[in-house]
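Work through the exercises below with the structure in view. Try each task before you read its solution.

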Amino acid sequence: MSVTLRFCGAAQTVTGSCYLLQTGTGQILIDCGLFQGQKTLKELNYGDFPFRPADIDAVLLTHAHIDHSGLLPKLVRMGFDGKIFATRGTIDLCSWMLPDAGNIQEQEVLALNRRNIARGRGEVSPIYTQADAIAALQYFQPVSYEAWTDIIAGVRARYWNAGHLLGSASIEIEFAGQGQGLGQDGAPLRLLASGDVGPDAKLLQPDPKAPEGFDYVISEATYGDRIREPTTPELRRGRLAGEVRDAAAVKGALLIPAFAVERTQELIVDLVGLMEQGEIPAAPIFLDSPLAIHATEVFRAHTESLDGGSDVGRLLSSPHLRFTETVDESKAIARLTGFHIIIAASGMCDAGRIRHHLKRWLWNSRATVLLVGYQANGTLGRFLQDGVKAVRIQGEEIKVAARIRMIDDYSGHADGAEIARWIAARRPIGRGLFLCHGEEAAIAALAERVAERIVPSAKVFSPLLDDVYELTGAAPTLLDVTHRRRLAPEAVTRLDWHNDMSGLLLDIHDRIEQAADDRARGVIIRRLKRALEE
């Protein structure tokens, strides 16, 4: 019986995680995530799935982050009616995160359609609505860690704590009777999907767990090209304290674009703890994200499963912490002067309330923007991290005068050395290691790190978007899918024309502003017009 694996997302990119397993008895998805970053990738969210949703029998969800779960409401709306297997922590988080994602999409499309009408363009519809997201929640089925669950005929799965996020899991999958050349006849074919693997000594989460001895491992490679400085809780808090003290010294706002789930709660725990110990100035911490507020409530309810337990619950209830759930409460923050801290989603600055705070503060040299997580290619956060001098937010050009800082201690992902050790602990890996959920350079670096020393080079694969592999031979076979690709491989890995256009407009404005006088500005404009006419 054949087993095939199709990489429907997170191939040479870090978002849109979705892998399709097809056997003689049914079809299973591992994750069904939203594409983020450059517009070319995000447009995939609006198109058809590369499979019929009604044909999918089950979804195995690794965790709640939107790049892994964010297209589940669309999957249900398009005809899926099977079970979505997930841990209880993941289900509790998705019950807030998916409706929030639907609401954001509705609001963004509403604003876009206002602009489209003014420009004489057609209206667009959201990928899904808040109602679609709420409807999808009824398909979730809770599973326990380290217990086998029957998925479809001949296929069972077992979840292992991945140490990445509340409820996160690496998923072990067995296909009965699919072994060939694996010892005795009929031995199961064994596959492990890493999900997102947490780093060593992660705040709130235990170290990742998983068994050993697989035919195939699908491993994330988000930070495959990065080796972090060794850290401890004391070093992590010390680096954060240094950034906060520097921001407080200039008496402006400290903006932290934070992923609403886990990263935000980790930051609150450390910020409040540092204030209580007198290591940083006491100041209001505004949690300006309805989703992050609700996620914090979920974390309070799950303190028994978190490292730190009751103390974490106490810190998450500190009087230093101010919840601003409504739009009016969010707007009121703008009236503040002096040092204060604003934590707002999204973590990559691509949506949400952080963009309004950035519009207010980016031009101000007294402000500090502290990036605390991965910034995908093509996102506003990546451009800030790369040191651009100006950005466009909601069609408005904003000069960047604020201090842009980066701290990596709160990452939810293992670095290159940590993920290589995680892969090594899964050995023997008999047939193939697939590296995905990473950009091109990160995957290449991780492949170089593990090849030969951990896994033979011939068994390391770096799939492209929509690649399909046959898994039941002695080695995986890449099937011909050139006629089924939704994007050319280079369109996945490179910045698209939307990014180039934004950069060009900023360059034009900069050159015109720097011109000596109106005559010089006229010369620039005439040259541009001639170039357009050629």
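## Exercise 1: The largest cavity

Task: Sort the lining of the largest cavity by residue class, then describe the cavity itself.

Solution. Start with the classes. The lining holds 9 nonpolar, 3 polar and 2 charged residues. Bear in mind that this is a predicted model. Next, take the volume. The largest cavity has about 90 Å³ of space. Now find its centre. The lining has 14 residues, and those closest to the centre are Cys 8, Phe 35, Phe 49, Leu 71 and Arg 486. Finally, count the cavities. There are 2 cavities of 30 Å³ or more.

## Exercise 2: The second largest cavity

Task: Find which strand gives the largest share of the lining of the second largest cavity, and describe that lining.

Solution. First, the volume: the second largest cavity holds about 70 Å³. Second, the lining: it is made of 15 residues. Nearest the centre are Ser 17, Tyr 19, His 68, Ser 194 and Gly 195. Third, the classes: 5 lining residues are nonpolar, 7 are polar and 3 are charged. Last, the strand: E11 (residues 214–220) supplies 3 residues, the largest share of this lining.

## Exercise 3: An open space

Task: State the volume of the second largest pocket, and break its lining down by class.

Solution. Begin with the volume, about 480 Å³. Then look at the lining, which has 23 residues. Arg 228, Glu 229, Thr 231, Asp 408 and Asp 409 lie nearest the centre of this pocket. Now sort the lining: 12 residues are charged, 8 are nonpolar and 3 are polar.

## Exercise 4: Thr 13

Task: Is Thr 13 buried or exposed? Place this residue in the chain and list its contacts.

Solution. Locate Thr 13 first. Thr 13 sits in the loop between strand E1 (4–7) and strand E2 (19–23). Check its relative accessible area, which is 7%. Buried means under 20%, so Thr 13 is buried. Now set aside the neighbours within four places in sequence. Thr 13 then contacts Leu 41, His 437, Gly 438 and Val 492. End with a distance. Ile 285 is 272 residues from Thr 13 in sequence, and their C-alpha atoms are 33 Å apart.

## Exercise 5: Ala 131

Task: Is Ala 131 buried or exposed? Name its helix as well.

Solution. Ala 131 belongs to helix H5, which covers residues 130–136. Its relative accessible area is 54%. Exposed means over 50%, so Ala 131 is exposed. Then compare chain and space. Pro 99 is 32 residues away along the chain, and the two C-alpha atoms are separated by 7.3 Å.

## Exercise 6: The whole protein

Task: What radius of gyration would a compact globule with 534 residues have, and what does the protein have?

Solution. A compact globule with 534 residues would have a radius of gyration near 24 Å. The protein has 24 Å, so the two agree. Next, the extent: the C-alpha trace spans about 80 × 65 × 45 Å along its principal axes. Then the elements: the protein has 17 helices and 23 strands. Of the 534 residues, 56% count as buried. Turn to the contacts with a separation of 6 or more. Residues 24 or more positions apart account for 73% of them. Close with the surface. The accessible surface is about 22100 Å², and 51% of this belongs to carbon and sulfur atoms.

Conventions
Residues numbered from 1 in each chain as written. Predicted model: local features only at pLDDT ≥ 70, side-chain atom pairs only at ≥ 80, totals over all residues. Heavy atoms only, no water. 1 Å grid on protein atoms, 1.4 Å probe; cavity = no way out; pocket = protein on both sides within 12 Å on 5 of 7 lines; lining within 4 Å. Points joined across faces, edges and corners; volume = space filled by probe spheres on them. Nonpolar A, V, L, I, M, F, W, Y, C, P; charged D, E, K, R; others polar. Helix = DSSP H or I, 4+ residues; strand = E, 2+ residues; numbered from the N terminus. Rg over C-alpha atoms; globule rule 2.2 N^0.38 Å. Buried < 20%, exposed > 50% of the residue type's maximum accessible area, 1.4 Å probe, protein only. Contact = heavy atoms within 4.5 Å. Areas by Shrake-Rupley, 256 points an atom, 1.4 Å probe, with all protein chains shown as cover.
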